[in-house]
Each structure stands twice: as structure tokens, then as C-alpha cells.
Amino acid sequence: MVNQIRSAKITLSYPLYSCAFDPTDSNQLIVAGGGGPGRNGVGNKITVLDTSNPDELSEIAELELSANEDNVTTLATGPRKDKTLTVFAGVNSSPDELKKGKNDHFRVFGISQPAKSTKTSGVRVVRIAEVARNALFVHKDTSAYQRLLRLSHPYENLSQLGAIATGLSKESEIALFDVPCSGGGRWKPRDRLDIPKEAMDLDVVQTGPDTYQLAYCDDHEIFTVEVSKTEISDPKSVYTITPDEGATAKASFKSLRYLAPGFLITVVNKPNSKGVALHGYRLPAEGRENARLAIKAKLPKGVSKATGLAVRNLSPPSSPTEKPDETQYVVAVAGNDSSISLFTLEHKYAASIDLLADLAPFQVLKDVHPSNITGLTFSSFAPPKSSKSAPELTVKLATVGVGFTTVVHSIPLKKHVDKSVSERKGGPPRQSRYVVALKSQGESPRTVITLITVVMLILAIIGQTFLEAKDIGKPVLGIRPYLPAAWTTPLRLRPAPATNDKTIKDLLSDARRHHSQPLVIRHDTTGEVDTNGLPPLHVGIHSEEDEETHGPTVAWESLDPKEQDVWKLRLKKTGHWVENMGESIFQGVLFGEIGGAIGNIMGEAL
């Protein structure tokens, strides 16, 4: 069934709180939970499920834990040593032990898978056993438990960093521990942080061979912590949620995951259960203080709060120092209505700058569980080396709920080649990657078109109202009788200044074509005036006879600045000259005097 999300479901005998895939085998899922201490009939268990059939889940192995201790609250899968998978978990000790101030909350289990043998009739027998238990938290609080547990992404021949955080503790803590690579030694505690507020979520990313960054959030802030081989930095606040303009209540962070070093994605619950949003952040570079919101999207209106987040990179880098390539992430958000909202998110490059783009939904899975979803996780995905090796590729999404149910959805993938990158003749083929085979739903153009239409309609109504108020044109709305009297005052139109077919530049050019003598601009002295009330303008050649008849002339450069301004104003009023022509066209031109009767006439007109 290409381009369809197939699902498989199984109901176990206990409430489930956490789940994790085997990082080396996407067909093996570990789930855990239980009824807690002293609850008759509901045990505390860890179960291994086979997810190889996209339509059916089957139980491979199960370990029942002590009924006197708490249920499993968190789960994470580590590396394999020989044929044993390491599983880290959070399980509180019994109430009696807690009263004594002892709580071995940090548990390590091994899931072994021996080779086939004649004793087992050729069937693989999976065994689960507890390997170690310890206390990484130092504060003694009977109500505290191990609420959060995360490991950094595994890389070949490199250690991982793990982090756990308290829940319901009077003194909140985060503890770190080292996880040796496959075949290495035993895990060991690293360090711990006292934090003022309980962490809502946390995650770890590896930034170098032996350097990491921890990110965690409380209700309203995101913090980062730098972890090197020798030291751990103090938590640094990189982003704080503020109330929307005009509001007092603030949204709150629910979940947080690294996309890559430098990028986080978070789930934000809006105040008063008014919806959920996904926010992608660009973390601050060295020397900068705050993270920046890089991308965001809303969940469907029916989801008033989110309960969890899972992310999977479909083209993961092979080492922490490898520069992230263009890739697609699959994002899943669990809602309090037992729905799962699925998104795709692109990591791209533009002018050598990495960007987050196209955060878009592609499907909403409704009523996935009969009760609240308590955990969700993606299987690992490594692109196949040969396209012939897998007829249909999928990435699996597992979810568990308190209603004893586990559901695995298989999301189909397809190979994608970026056609915008030109292929050079004789060069290597264009790189391919894998993306979700289902089409994402980008923002509908209907919203934009509707908004533009409404704005244009409002502007048209305003314009027509103005025209009818001023009694201009034919009435369409018939609204003038209902408008205030002050609005209906007719417009007083000023007559536009007279313009001439030829500018002063044209007139001077025409005169220069026929004469080489100096040119003169003066007024007619007959006493006549034009429609502007100004004496007619005369442009011609200079002669001594004209000076005797019309008076002396002065070169433009020798005119008094006040006289220059009067001449410019006079020429501008009749349309002979405008500012952008400049004054250079007047250089070397003689001007008649402005005085006597001519001066009086111009004074009245100007």
C-alpha cells in the first residue's frame, strides 16, 4: 500500500508510560510501565515487541519487575555489547526504601538475543535482565522520581552522553552520565546540576568527538549547557516566552528536541488551553545572547494541549563534526485528544546559510489510543546503500498509552532528487535523499486570496464613499444623504499653473541654433499680461539697441540672489522651469531687470 500509513496495535496487561526502539533494529520495540507499588493485579513490566509486520505486533519477551517498587517511568536504548542491548530506565525504589532515604531510581537492563540453537528449535529466545541500579540524584525527597531521560544520538566508535531530570522534587536536579560506545566499558556518572525550576523536557546533542550540548526548558525558558571532556558550563538562558501584546498569561513549553547542533524544535501550549504551536529556534552563535524563532506552525484547532513530541532526521550525518546536509525531518506531536499531528520540516541552505523551512502538516492520526498518549518515539532510519535492497521503505512511529495499548504507524518514504540543482555533463549525478512519500499540506492560498479580496473591497468602499461625499461622479452607494455635513463639503479645486509647450531650456536651445550672440531673457514692456497676470516672456539675442529700448541686462551669475529667486519663481509658475532642470541652463544668459512697473506687476502676480 504505497503512500498510506499502515498501523498495528497490541493491548498488554498494564498501563504504559514509555517506549524506545532498538537503535540498530527498527523491528524491535521496548515498552514499559506498570501499576506502581502495592497495586494488586497490575504488575510493573518491560516488554519487547516485534514490529516487523506493519499490520500486527507480537510479543517477544517480557520481564515482570518487583510489585513493591514503582512502575517504569522513562526508557532509553543505548549501545549493544556483543549481542546484548543496553536499556536505561527510571524506576523508583519501594516506599519503605524511600523512607530510609534510599532511592535507586536509575536502572540498567540488558536485552540479550542468543544465537539459534537446537534446544530452542531454531527460534531466537530474547531475555531481559536487570544489570545495575544506582542513585544519580543527591537530594532526598520521597515524592521525587526520574521524570526525564534522554541520550545523545549514537555515532560509530563514539561515546554518548545521557541526561536525566527529576519530577515532583522540592529541589530540582539534572544528572549526566557517560555511555561508552558499542563494546566499550560500563556507563558511569558524569556530573549534576541544581536548577531552580523543574525541567519540562531536555535533550542532548553531540557537537564534537568529546563535546556535547544539553538543552532543557522549564515552563517559560530555554537553557543550554556546554559539556566538554573536562568541564560543564553553568546553564545559560537563551530564550524566554513573553505574553502576547495586551495579554498577561504566557504560553508554556511542553517538549523540546534537537534537530541539529544550532537548531531546536519545541512544543508550546498556549495559555488557557487555547491551542498548540510548534516553534523552531536558531540557537545563538558564540558571542550572541538569545535564540531566534526561525519557523513556527499551529496544530489543528481540536488540540487544546500537547502531551509529547518526537523527531526523526531522514538523512542523519555519519559523525557529529559532519556539516548537516539538506534533509527532511519527520515531526510527531501527541495531543490531549489522543491524536497525533504529523509534520515535515526541511533543513536547507541559501547562500551557505543553513535554514529551517517548510514546516507543514501531512496527516493527523485521530483517536490513536482509547486514553491519553504517554510516550512516542520514532525508529531509526539509515538510507539504504542500494535502491534494490528495500521495495518499500518506512520510518516507524510508536506510541503508548495508559490504556495498556501500543500502536505502531509505518510512514512510507520515497527517494527525492533536488531538480533545482543542475546536473553537470560528465559530472557526478545529483545527490538523492529520502523524504516522506505523503504530500505535505502547505499553507492554503485561499487565506491569502480572501484577505487581499477583503482589503480591496474595503478600499473600494472607502473610495466610493469619498467620491459621493464630495459629489463627484455618479452615486453608486447612495450614501451622501446619511453622511455628516462636514464630510459633504465640496472640494475647492485650485487652478493648476499654466504650462507651456516649450520649457526655457527648449526656448534657449532654439535661439542658439540661429544665433551665436549672447541670449537674453526679459519681459515685454508694453504693459500686457498673460492669464497668470505676468508680462509676456521674451527670449532672444542681446543687442545694444534692445538695452536702449528695454533697459539694461545682467548675466545670471551677477544677479542678486533675491532676483534669481524671483526669476525662478516666475518661470516655475508659467511652467517654463522646474527644480530638476537645475540652474546650469542659465549660465551665460543675460536677464532683464525686474523693477518699476514690471516689478510691481510681478509682485502682484507672484
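Asp560 caps the N-terminal end of helix α5 in this predicted model. A side-chain oxygen of Asp560 lies 2.9 Å from the backbone nitrogen of Lys562. The helix itself covers residues 561–573, which makes 13 residues. From its first C-alpha to its last, α5 reaches 18 Å, close to the 18 Å expected at 1.5 Å a residue. After the helix comes Gly575, whose phi is positive, near 80°.

Which residues of α5 are buried? They are Gln564, Trp567, Lys568, Arg570 and Leu571. Seen down the axis of α5, these buried residues fall within an arc of 165°, so they line one face of the helix.

A second site is centred on Asn313, which belongs to strand β22, residues 306–313. Is Asn313 buried or exposed? Its relative accessibility is 14%, and because buried means under 20%, Asn313 counts as buried. Two polar contacts of its side chain have been computed, one to the backbone nitrogen of Ser315 and one to the side chain of Thr327. The table sets these distances beside that of the cap on α5.

| Side chain | Partner | Distance |
|---|---|---|
| Asp560 (oxygen) | Lys562, backbone nitrogen | 2.9 Å |
| Asn313 | Ser315, backbone nitrogen | 2.9 Å |
| Asn313 | Thr327, side chain | 2.6 Å |

Leaving aside residues up to four places away in sequence, Asn313 touches Thr327, Gln328, Tyr329 and Phe381. Thr327 therefore appears twice in the description of Asn313, as a residue that it touches and as its partner in the polar contact of 2.6 Å between side chains.

How values were computed:
Residues numbered from 1 in each chain as written. Predicted model: local features only at pLDDT ≥ 70, side-chain atom pairs only at ≥ 80, totals over all residues. Heavy atoms only, no water. Helix = DSSP H or I, 4+ residues; strand = E, 2+ residues; numbered from the N terminus. Expected span 1.5 Å × (residues − 1). Buried < 20%, exposed > 50% of the residue type's maximum accessible area, 1.4 Å probe, protein only. Arc of directions from axis to C-beta. Polar contact = N/O pair within 3.5 Å; in protein donor to acceptor, adjacent residues only side chain to side chain. Contact = heavy atoms within 4.5 Å.
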